[in-house]
Amino acid sequence: MIAAQLLAYYFTELKDDQVKKIDKYLYSMRFSDETLRDIMSRFRMEMEKGLGRDTNPTATVKMLPTFVRSIPDGSEKGDFIALDLGGSNFRILRVKVSHEKKQTVQMESQNYETPEDIIHGSGSRLFDHVAECLGDFMEKQNIKDKKLPVGFTFSFPCAHTKLDEAVLLTWTKRFKASGVEGMDVVKLLNKAIKKRGDYDADIMAVVNDTVGTMMTCGFDDQRCEVGIIIGTGTNACYMEELRHIDMVEGDEGRMCINTEWGAFGDDGMLEDIRTEFDREIDRGSLNPGKQLFEKMVSGMYMGELVRLILVKMAKEGLLFEGRITPELLTKGKFETKHISAIEKTKEGLTKAKEILTRLGVEPSADDCIAVQHVCAIVSFRSANLIAATLGAILARLKDNKNIPRLRTTVGIDGSLYKMHPQYSRRLHKTVRRLVPECDVRFLLSESGSGKGAALVTAWASRLADQTRQIAETLAEFRLTQEQLLEVKRRMLTEIQNGLSKKTQSTATVKMLPTYVRSTPDGTENGDFLALDLGGTNFRVLLVKIRSGKRRTVEMHNKIYAIPIEVMQGTGEELFDHIVACISDFLDYMGMKNARLPLGFTFSFPCRQTSLDAGILVNWTKGFKATDCEGEDVVNLLREGIKRREEFDLDVVAVVNDTVGTMMTCAYEEPTCEVGLIAGTGSNACYMEEMRNIETVDGDEGRMCVNMEWGAFGDSGCLDDMRTQYDRAVDDLSLNPGKQRYEKMCSGMYLGEIVRNILIDLTKRGFLFRGQISETLKTRGIFETKFLSQIESDRLALLQVRSILQHLGLDSTCDDSIIVKEVCGAVSRRAAQICGAGMAAVVDKIRENRGLDHLDITVGVDGTLYKLHPHFSPIMHQTVKELAPKCNVNFLLSEDGSGKGAALITAVGCRLREQEQKS
């Protein structure tokens, strides 16, 4: 018993002695935490360099964008093929992702040998080999007649400009096929497949094995945002904020970055920690001076590192009693798998004896202990260095998210990590020490990068399918030149119907005479009152117009709200409310006693029988007051004034806001003979020849016609251009079947059209994770002002997202992009059909006057025209294209409904005086 204890003590002493000796000898391979933190910060600097546009060309860590924008979200499904080329074995998989009860993945795979002569031969031979293997696999699977989506795991540094394009930057891992570097590997593979001609394949995505690993693990754990390979080679990828990736357009959302960290140190950054053995390995490699970090840590070089150390120690008489055998001097004789065997806790020393005996060095017990410790130092150094670079990525993720603690998952694969008995434990421990503020789960990738490639392909095919279906949905809103010309032709037909006595009663575009026979001539003078009723707000204005050399218009106004119960109550209540507001304003201005001429802007369809008489045809814009339709609104106003018995006014003119807009602009610009409103509602007016207005007596001169074009299409003449969304908005509106053109192009309805499209896209699973929130179900929630904000070119997607979040819509980056696209399609169509209507009007004026060419100004008002970033330029362009013989100038009106009403009243007073004199 005592003898055994003595032996054990002696053995431990011996072991400790040997260990100390080796520790001293390989001192430069052992790192303190301080050194590791220093390496960590160096790597963070390198990452920054790789991400920057200006610094990337000289950066060693290339930080390549992969165009993979999200990890699997659980909605992927389908039948896919994955190719996995990255080492001496080439693997092909068939991956079926299904959606019964829960998402499942079925896989069948086959390995194909890639011979040495092909790895080092020509590029075309390599890709012919891949195409041949794929053909064989498809034959065996009996799917040669199907065109399945293919994902290609190509585990070499590549530059992507999109998901299905990858230009090889440089070969690594012993591959040296000529004519491939600088080429797009998808094109090369497609060429090889085409050359065969016996099957077809749709290569949708090229990914790196690291990305494949992250995607595979992301399928099981949605927190996974880092992928690492520690095997023959080493690399890492992670999800970076798009705003930090200078090489890619856009700043919203995230994209997976392939760091290509194997090249860390190629610029000399790691010289202080590289040893003579690292330098010797590099000198003897296929790519001297390249992939220096990888050569310090990866499985491909680790066995060789140990062999070089053993040779040197033997030469110095520290091992094997100085014996050096030809086997020990042969490169590649000591492999990384030997390190894993020797470092096993129980049988490690026995394994060491077997392996060293095969090398012919006749090891002693001391030698076995020493060699085991050398292996431990080399593999521990690898785990420590990987922990430092991974620590840098984790710290960056934490900072990107701006959170005190990061909870994340790292997907991990590679033979060294899987097979080495101590490696994973050492790595995890060091990572936790270096970044204590990160809670990391390490998830082993069960089925490697092939499944990941299939999942990226599933994601890409889901995206492609989604993009196609969204494009098809929005294609209905993209009108061709021919369709727009058709809108113009139909508008001209409707204009003619509205002007003609025979068809006027059934016409949808009513072409109402306004009895405004002249635009201002500059002699207008006096104080006028204007009322403006056209929406939820009501204004009273005092307008002082002065003629002479320095014409001036001075205005004072006050805004009053119209409560919904008044809008939808009785006519008497509405007009009493209006008169009460006028009374308040006259008190405010101290003018209760003057009998001022008044112009009443009443922005609803009216049939006028004279300048101061307008019969309301029907309410629009949410008004529903009873006993008004069919009545003269000037009479209703006069009766309201009488009931109040406080003041008297001379109502000279009832005016439509569109006419007011034309008059305001005509005061500044005499060529203005058209008015357009593109705001909450949509309408136009213009100066028509009296001879064409069959509903009014007299043929001389001109009169302004209020088109009331919002009702264009009520006869069904636009049905072929209306979409299901237009019909849904119309069906749920206050006036179904009415004002159909207005519902396609005015501010009051565009947001509703967008909301209906968003609901449909969400139902189909393309938006908001398929969840229709209560907010989205709420009518009117998506105001048109949001369209203007979302479509602003200055607005980053981040701000679009915050607008959607303000609406209670929890959106991702992809959601924001789709919403922006939907808004763009809806507002573009609105601007185009509005432009087509305007082209009809200006061409009609040109033909009326028998001109080859017409110069004319259109006075415009309305929030949509003023505030939407793209509405006006698209509308102008449409008019230009559809009415090429007209040179149309658009002039923004300054307060058409207020100042315009006063100007019409002033012109009316002037004409009245002239008539009285004559």
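Notes on a predicted model

Student: Glu-139 first: buried or exposed?
Tutor: Glu-139 is exposed, with a relative accessible area of 51%. Buried means under 20% relative accessible area, exposed means over 50%, and partly exposed is in between, with a 1.4 Å probe and protein chains only. Areas come from the Shrake-Rupley method with a 1.4 Å probe, and for residues only the protein chains shown count as cover.

Student: Where do these values come from, and how are residues numbered?
Tutor: This is a predicted model, in which local features need pLDDT of at least 70 and side-chain atom pairs count only at pLDDT 80 or more, while totals for chains, interfaces and linings use all residues. Residues are numbered from 1 along each chain as its sequence is written, and side-chain values use heavy atoms, with hydrogens and water left out.

Student: What does the side chain of Glu-139 meet in a salt bridge?
Tutor: Its partner is Lys-144, at 3.0 Å from N to O. A salt bridge here is a side-chain nitrogen of Lys or Arg within 4 Å of a carboxyl oxygen of Asp or Glu. Lys-144 is partly exposed, with a relative accessible area of 22%.

Student: How many salt bridges by that rule?
Tutor: The count comes to 74. Another of them joins the side chains of Lys-295 and Asp-282, at 2.8 Å from N to O. That pair links distant parts of the chain, with Lys-295 in helix H8 (residues 292-297) and Asp-282 in helix H7 (residues 276-283), 13 residues apart. Helices (H or I, at least four residues) and strands (E, at least two) are DSSP runs, numbered from the N terminus.

Student: Lys-295 and Asp-282, buried or exposed?
Tutor: Both are buried.

Student: And Glu-847 with Arg-846, what is the N to O distance?
Tutor: It is 3.8 Å in that salt bridge. Glu-847 is exposed at 53% relative accessible area, whereas Arg-846 is buried at 9%.

Student: Which residues form a network through salt bridges that share partners?
Tutor: Glu-271, Arg-274, Arg-279, Asp-282 and Lys-295 are joined into one network.

Student: Change of topic. How many helices and strands in the protein?
Tutor: There are 30 helices and 26 strands. The radius of gyration is 40 Å, well over the 29 Å that the globule rule gives for 918 residues, so the protein is more spread out than a compact globule. That radius is taken over C-alpha atoms, and the globule rule is 2.2 Å times the number of residues to the power 0.38.

Student: What box do the C-alpha atoms fill?
Tutor: Roughly 140 × 65 × 55 Å, taken along the principal axes. Buried residues make up 58% of the 918 residues.

Student: How far apart in space are the C-alpha atoms of Val-185 and Gln-916?
Tutor: They are separated by 89 Å, and are 731 residues apart along the chain. Val-185 lies in helix H5 (residues 185-196) and is buried, with a relative accessible area of 0%.

Student: And Arg-91 to Tyr-112?
Tutor: Those two are 21 residues apart in sequence and 6.0 Å apart in space, C-alpha to C-alpha. Arg-91 sits in strand E3 (residues 89-98) and is partly exposed, at 21% relative accessible area.

Student: Back to charge. Which residues gather in the patch of negative charge on the surface?
Tutor: Glu-565, Glu-572, Glu-573, Asp-627, Glu-631 and Glu-639. Patches are made of residues with over 30% relative accessible area and no salt bridge, with like charges joined within 9 Å and nonpolar side chains (Val, Leu, Ile, Met, Phe, Trp, Tyr) within 5 Å. Lys and Arg count as positive and Asp and Glu as negative, while His and the chain ends are not counted. The place of a charge is taken as NZ of Lys, CZ of Arg, CG of Asp or CD of Glu.

Student: Where is Glu-572?
Tutor: Glu-572 is in helix H18 (residues 571-589), and is exposed with a relative accessible area of 51%.

Student: Last one, backbone. What is phi of Met-63?
Tutor: Near 50°, a positive value in a residue other than glycine. Met-63 lies in the loop between helix H2 (33-51) and strand E1 (64-65), and counts as buried at 1% relative accessibility. Gln-739 also has a positive phi, near 55°. Its place is in the loop between helix H21 (724-731) and helix H22 (740-745), and Gln-739 is buried at 7%.
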